[in-house]
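Let's take a walk through this structure together, starting with charged side chains and ending with aromatic rings. Keep the 3D view open as you read.

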Amino acid sequence: MAINCFQKRCISLFSFHFKESHIKLKGKSKSSQEWLLRHLKDPYVEKAKMGNFRCRSAFKLLEIDNKYKLLHPGQCILDCGAAPGSWTQVAVSKSNSDGKGTTKPRGMVIAVDILPILPVEGALVLGRTDLSSEEGLDRVKLALNGRLVDVLLSDMAPNATGVKEADHDSIIHLAYAVVRFGLGVSRTGASLLLKIWDGRSSTQLTNDISRFYNKVKRVKPFASRTNSAELYVLATDFKGLD
């Protein structure tokens, strides 16, 4: 049977990816091999490359924003746990903080992470900034320069230990830290989107957040892996503080 040019190209690409994955799997533990295989098969990984996003998580924010209309030109957006910067890329584009939409209001995006972050055009990047420290919080407040936040994003997560309940407690602790900080820097009517791993304290967290926001819901975008406990708490219409 004759093979046309398109078929030859498909066979060539399959061969390349097979060899590439085989090389990457050499010497890895079983759990690492399983993760790499999932990663190589993940359609969002390829979409991220095609869209010039730094990682696949960009599509989680894009999906949530497409459904709930969270991000708009002119907003001040604070992205916590921003590294490597894919959510920041989305925030810059949606808020027009890079000024490329000349007829739209220009926003402001601040990206914060305890890890270093490569520069993102249109964003103020604060790498090596620990939001659990007073010094880190002061650095973010200084960067805001008195401006109040319209949208507070947090894709932060602790290093997972593999112990489900301990990991859940750790990320809930981070979530409360973000919420507390947000109360002091958000404008009335602002929104909050933060990642958690579902577990015993999820309901208590959403109940506590609902004291300060008029609408709170838990969302799981399709871009989140189905076998993951990851979900997002979306809170809108901040009531403000007296």
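What follows looks at salt bridges, one helix and an aromatic pair in turn.

Please bear in mind that this is a predicted model. A good place to begin is with the charged side chains, where the count comes to 9 salt bridges. One of them joins K94 and D65, whose closest N and O atoms are 3.3 Å apart. This pair links distant parts of the chain, with K94 in helix α5 (residues 86–95) and D65 in helix α4 (residues 58–68), 29 residues apart. How exposed or buried are the two partners? K94 has a relative accessibility of 31%, so this lysine counts as partly exposed. D65 has a relative accessible area of 4% and is buried, because buried means under 20%.

Now turn to K195, a lysine in strand β5. Its side chain meets that of D155 in a salt bridge of 3.4 Å, N to O. D155 sits in the loop between β4 (149–154) and α7, and the two residues are 40 residues apart. Both K195 and D155 are buried. K195 also forms a salt bridge with E230, and here the closest N and O atoms are 3.5 Å apart. Because E230 lies in strand β7 and K195 in strand β5, this bridge ties together parts that are 35 residues apart in sequence. E230 is buried at 7% relative accessibility, and K195 is buried at 10%. Through shared partners, salt bridges join K60, D155, K195 and E230 into one network.

Next, find helix α8 (residues 202–209). Which of its residues are buried? They are S202, L205, T206, D208 and I209. Looking down the axis of α8, you will see these buried residues fall within an arc of 160°, so they line one face of the helix. Their packing partners are α7 (164–185), β5 (186–197), β6 and β7.

Two of those strands, β6 and β7, also bring us to the aromatic rings. The model has 2 aromatic pairs, including Y213 with F238. A pair of aromatic rings is described by the distance of the centres and the angle of the planes. For Y213 and F238 the centres are 5.1 Å apart and the planes stand at 40°, so the pair is tilted. Y213 belongs to strand β6 (residues 213–219) and F238 to strand β7 (residues 230–238), and the pair links distant parts of the chain, 25 residues apart. Y213 counts as buried at 2% relative accessibility, and F238 is buried too, with a relative accessible area of 1%.

Terms used:
Residues numbered from 1 in each chain as written. Predicted model: local features only at pLDDT ≥ 70, side-chain atom pairs only at ≥ 80, totals over all residues. Heavy atoms only, no water. Phe/Tyr/Trp six-rings, centres within 6.5 Å; stacked < 30°, edge-to-face > 60°. Helix = DSSP H or I, 4+ residues; strand = E, 2+ residues; numbered from the N terminus. Buried < 20%, exposed > 50% of the residue type's maximum accessible area, 1.4 Å probe, protein only. Arc of directions from axis to C-beta. Contact = heavy atoms within 4.5 Å. Salt bridge = Lys/Arg side-chain N within 4 Å of Asp/Glu carboxyl O.
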